[in-house]
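I pulled this one up to poke at a few oddities. My notes follow, in the order I looked things up.

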Amino acid sequence: MSLESIIHNLISALGGCDFTLEDKPYVLGDDGLACLKDLKRWLQYYDEKYNSWDVKRVLADTNFVEGDLCPILAMWDPSDMGDKVKWRLSLACVFIVELLVSLTWPLEVNQFNTNTESFEQLPHLRLAQSSYKKSLLNYPKGNILFTSIAVSFPSMAIPRSERSERDEGIIRLVLYLIRNIAMIDEETTRNETIIAFKNSEILDLIISVAGGMGDEFVSQDVIVLEIIYYLLRGLSPEKLFLSEKDQSYTPFDDLSNLLKVEMDKKKKILKTTTTRHNRFGTLVSIITADNKRLTVASQGAILKGSENGLAKIDAAKRWKMRKSKISTSDDVDKPVYISHEATVIISAFINEFLGSSFNPFFSAILQDLEREEMKISQENHTHFLYCIGYFIHALRLRISIKNSGTFSNDGDYGLVASMLEQRALIMVYKLMRESFDLKIWKELHVGMECFKQILLIINCMTASSEEYQEIANNMQNNIYYEEHNLDLIVNTLKLYKRQSFGFLNTCTELVHVLLKMLEKYANTKAHMYVRARQRQNKKIETGPSNENDDFGLDNSLQIKSKSVLKEKSFEFFKFEKKFVNDHCIDTFRTFLEYYKELTPEQIKRVITFFYRIFVKQKAEIYMFRLDICELFHRMMNDDINFSKKNPSRVEVEKFIKFYMKRFVSVVSQSPALYVELLFHKMHDTVYYLQYGHDEVQVLKPLRLSAEFEVKPGMNFEQQISVVVGALLDENKNEELDWLKIKLSDAINERKAWELEEESRNLLEDNSHNNVLSPFVIVFETEQYKKRCFKNGKFRLLLSLCGFVEENRTNDIVPTLIIPLGISSTVLSYNLGLVKKYTDNPPVFDDGKTAINFLRRKYKSVSRYNEFSEDDTFDTDDTFHIDDSNEFKSPSKGFKKRHKKLLNDEELKIRREKRRKTEQERINSIKSSKYIINSDNDEEEDFAFFAAEETLRKKMKLAAFNSKKTKIETDKSLNFEQETNNTYSDSSEKPLFFESDESTETNGSVETDIIDNEKSIIDKYPSRNLNNDIDDIFQKNNPQTKKIRTKSRLILSESDSE
């Protein structure tokens, strides 16, 4: 059997209309539920498995949706769930919803189904989906949409923690069906869709699900986002939040404006073209000066001369040059027009959504984006940014209309607080930068629109109460703090090419708003700082090297660039200067080319930008271009599309007058500007045309490389061998050859002077006393100069060979000389060593290379004024005292040591030693909370403990020899109990019971008591302490508690008993 016959049999078995009855009701077959399951399997296992649309095409030919599925849905009453037949019917409705989701799913041609059959079926299936949507929205025998969403009500009523996977699937199916219906023919059927959704309570369902996002609903956020996007896209918020009277007049105003423009165009055409009756009038033949014959059908050529005839020919000419087309695929703002009823419904939906669902819903979406959930697709980024910008725009309009055009002091900006947080702004920046890097212009378009609306709502908050003003100030500080976010806007404007008109409009408006707000904010701040990325070059290894090399000293090095964030001062003038280039001017000029379609505010936006470039930045040369002059001339001569009644014409005329005045002045001083009018300007050209001379280049001092040194323990010849070997490993043979030549030249010059000096001494001739001058190295090219000062190892070899770097005043590069004290013999010896180890490279033991014997050389820095650079310190722990009586350890005054190249074992030992030192430091910090500082003298400690031992023995002996009465004992015990109760109430312990427990210091008073007790025991080791403690305590610490002393006496007596 063929596929068509199988599908037809299943549809026939599903059921049909009973024509015997008057109303012809639909009767479900005995195996109707099984037939629905089979159809679902065919769609699932045939179309989806083989990436084809054959089953969908057969179902479209059989009128399956309108003839079978809609009648079955109309039979079910959601309120009646008690009957078993009705219950089975509800199961059938679930399968019907699943079939509808498959049949209305968006049709996409991808790499899996790109074949001839798919392209042939695509238009047919899209027409079928349009008929499906029409049947579901306008079915006459019942509200099919409400019945479809009612399938999910039992599942939604169950708490999320108790829902099964089937319940979650049913909820997703219903939301997918709503999404698919909203997507089909969204531009042409938006009005009917909004009204049907309102009647079916789908809008209320969307608000409820969005409001419970994160609590009762988790996995449905992306589907709801798509539904909202397809409901709102293309609807102008300005038209939604007009009064009812203005909304009723808006269509007529638009129509009258269009008719007026059409009439003006017709009048202009009639002025330049010939009329019907002119063909029966005069036909004039004109011969020009170069013997060309022209024919003019006009009587004016005879009355006013040949010049008028030629002018009429020129006026009839049309510019037929092909214009560069702009893209319309990435334009998300294609206008959609809806009726007044639908406008009221959607505006009420927006208000209710803002009040109850915006913050929880978009917080859940933001959380998914931060987690990079798999359910978030690239297209959902566009939906997210568009909806945020749309709702913020709607709130801003609602606040302004509510307060009659002035911003309220108590505007309800908290309704969109979740998207004004720092994490939300970071996500907007991230999505904008990703779309810019990947050239996804549609996403970048909605990202710029979202960012623009955030800036505008912040601007509204600055005119609100003090609380909102402070919040707006903090938000602007966070937005402007990252310089690369500001640079993204500049780059977007510069790289505009052929994107859509909506993209161009949003880009120019964002730049206008950003510059205006940033200038206002910068003027209120005395100092403003931003964090900028600065590139730093880092050397990385590309060949075998020592793994423990901490400084990147290896045989083969490459330069790797990395960005480092640094804070710097912000100046608005410098940031505004980034827009001074031909690319940004081209973008605004392109936007002004559509002056016939632009509003007065949009034209003023372009003139404002030109004013910033031309006047504030004084970059007049960039604006002197032939295409800009031609555009201004065309605008001034267009009395129909840019008439004198246009509110922006006055400002345009003022700017053009000032522009031409400056042009005449500059071109009279620099006639070369006539040629440069045809081209974009380069920086050197602009400077020359503006100032009349080339820009003076200010040379910066050459940045020298890091200095190296050979590790200690090597003689001079070994040091030469190590450095030469390191240079040979890096293939620096050319530098070594150059060094040999310079050394030979220096030796010859030095020998000649020495021979001359020796001869003069023999002749004792002092009449010509020539003074030896240092040998100065002359660099043949700049390349040799860089090689000498940009290679640290070569600089070390030059230093070992006797060369000295001499820094003179205003020198960009140091002067390389050989001092007077170095003789030719020393230079010859050095040259011999270089040649020796160049011809026979050194070989080192244990497989080491020359780089293992080198290390960086750090400049010594003195941290304390009392120590000079030549001072040496002991390595013990003794302390030194300076004049300011501050204790300073010499270990802290050490100069920074050179880091060594260590192996794994040495590094492990150092890490263990560092860990133990850190642990001892932590232990000392912890113990300092409980242990009181005392003297470190061992003799005093020994005397103290000996006195304590003597005191303990005497007290014990006195206790055994004492004979007291029972009454005295009872009195003492009662007094002891009272004292102990006093201690328990005050949370204090007796002093002599602290030997077995950790002592806690509770203030300066208790510390003084303990110190004084030590002094008492040291002074009176063998006296009767019980009689003298009170007196000594009163003398030394009159403010101390006397109960401490009494407790000592009483406890000693109680111990004896």
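Helices (H or I, at least four residues) and strands (E, at least two) are DSSP runs, numbered from the N terminus. I'm working with a predicted model, where local features need pLDDT of at least 70, side-chain atom pairs count only at pLDDT 80 or more, and totals for chains, interfaces and linings use all residues. Numbering starts from 1 along each chain as its sequence is written, and side-chain values use heavy atoms, with hydrogens and water left out.

**Entry: odd phi values**

I went looking for positive phi outside glycine. K618 has one, at about 55°. I find K618 in the loop between α27 (600-616) and α28 (620-623). K618 counts as exposed because its relative accessibility is 58%; the scale is buried under 20% relative accessible area, exposed over 50%, and partly exposed in between (1.4 Å probe, protein chains only).

D846 is another non-glycine with positive phi, near 60°. It sits in the loop between α37 (824-839) and β11 (854-856). D846 is exposed because its relative accessibility is 73%. Reminder to self: most residues other than glycine have a negative phi.

**Entry: a buried aspartate**

Which side chain of opposite charge is nearest to D47? It's K56, 5.5 Å away, and D47 is buried yet has no salt bridge. For charges, Lys and Arg count as positive and Asp and Glu as negative, while His and the chain ends are not counted. A salt bridge needs a side-chain nitrogen of Lys or Arg within 4 Å of a carboxyl oxygen of Asp or Glu.

D47 belongs to helix α2 (residues 32-50). A polar atom of the D47 side chain lies 3.2 Å from the backbone nitrogen of V55. Skipping neighbours within four places in sequence, I list W42, S52, W53, D54, V55 and K56 as contacts of D47 (contact means heavy atoms within 4.5 Å).

**Entry: cysteines**

How many disulfides does the structure hold? Zero, where a disulfide would be a pair of cysteine sulfur atoms within 2.5 Å. I checked two cysteines for burial anyway. C35 counts as buried because its relative accessibility is 5%, and C93 is buried with a relative accessible area of 0%.

**Entry: whole-protein numbers**

I noted 43 helices and 13 strands. The protein has 1057 residues, and 41% of them count as buried. Among contacts with a separation of 6 or more, 73% join residues 24 or more positions apart. The exposed area is about 62300 Å², with carbon and sulfur atoms supplying 51% of it; areas come from the Shrake-Rupley method with a 1.4 Å probe, and for residues only the protein chains shown count as cover.

Conventions
Polar contact = N/O pair within 3.5 Å; in protein donor to acceptor, adjacent residues only side chain to side chain.
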